[in-house]
Amino acid sequence: MEIPKNIYFKLRPLILPINKIISQIPVEANILDLGCGKGLLLNYLKNYESYTGVDLNLSSNKIKIKNVNFIRDDCVKYTNQNLNQFDTFLIIDLLHHLNPDSQLNFLKDLLNKIKKNDIIIIKDILPKNLFTKFWNSFHDLIVSKQIINYFNFKEFEINLSADYKIVDRFYKRIFLYDHYFLIIKKKMNFQ
Ligand SMILES: C[S@@+](CC[C@H](N)C(=O)[O-])C[C@H]1O[C@@H](n2cnc3c(N)ncnc32)[C@H](O)[C@@H]1O
């Protein structure tokens, strides 16, 4: 049974570091929120230029209201198109829902697509110990009915091309949720 949206919007902020995510987003951003879920983050955004959320599980195919769009699609497929209209990419708790093969290809394809100075804000669960690893897997088994795949950030960061800069990386623990942030920018020519 799916959690009703109003209950989800009350519960999710208890375990998601929303302010930390929002504080990474530049002002007047053109945001592509990949795996946007029910669009929770949109409620917390201020001073953005446009917002597009993409998720497999949206009730409508396409919703457009002024500068806000919701599109039902597979993020891996969606990012194959031209993304020049966006400059800020949110990947919040999506990676662990992708299978291990597509995780890396999805990020590599996205990195190849973005323009200089564009920013990718990744936040995913990266457990620090066996207990939080078990707890988070159990959480998703119950909530998403899915066996999740933790992303290998270490390998990804080591192999990141010199065209990109890691602006920041840090952990934020909330209860038993080890949230890992990785913020990447495509370098300008002079950087
Ligand atoms: C844990 S939720 C996170 C939702 C939202 N980012 C948030 O933080 O509130 C993960 C979301 O990813 C979506 N998802 C998983 N695989 C996807 C895919 N291949 N393409 C699009 N959405 C996907 C799920 O439908 C789900 O809504």
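This report describes the surroundings of the ligand, helix α4 and the residue Glu157.

The structure is a predicted model, in which local features need pLDDT of at least 70, side-chain atom pairs count only at pLDDT 80 or more, and totals for chains, interfaces and linings use all residues. Residues are numbered from 1 along each chain as its sequence is written.

Of the 18 residues around the ligand, Gly35, Gly37, Cys75, Ile92 and His97 come nearest; a residue is near a molecule if its C-beta atom, placed from the backbone, lies within 6 Å of it. Two or more residues of this shell come from each of β2 (50-55) and α3 (75-78). Helices (H or I, at least four residues) and strands (E, at least two) are DSSP runs, numbered from the N terminus.

Helix α4 (residues 100-113) has 14 residues, and its end C-alpha atoms lie 21 Å apart, which agrees with the 20 Å expected at 1.5 Å a residue. The expected span is 1.5 Å times one less than the number of residues. A residue is buried if 20 or more other C-beta atoms lie within 10 Å of its own, exposed if 12 or fewer, and partly exposed in between, with C-beta atoms placed from the backbone.

| Set in α4 | Residues |
|---|---|
| Buried | Gln103, Phe106, Leu107, Leu110 |
| Exposed, on the face turned away from the buried side | Asp101, Asn105, Asn112 |

The buried residues of α4 fall within an arc of 90° seen down its axis, so they line one face of the helix; the arc is that of the directions from the helix axis to the C-beta atoms.

Glu157 is found in helix α6. Glu157 is exposed, because 12 other C-beta atoms lie within 10 Å.
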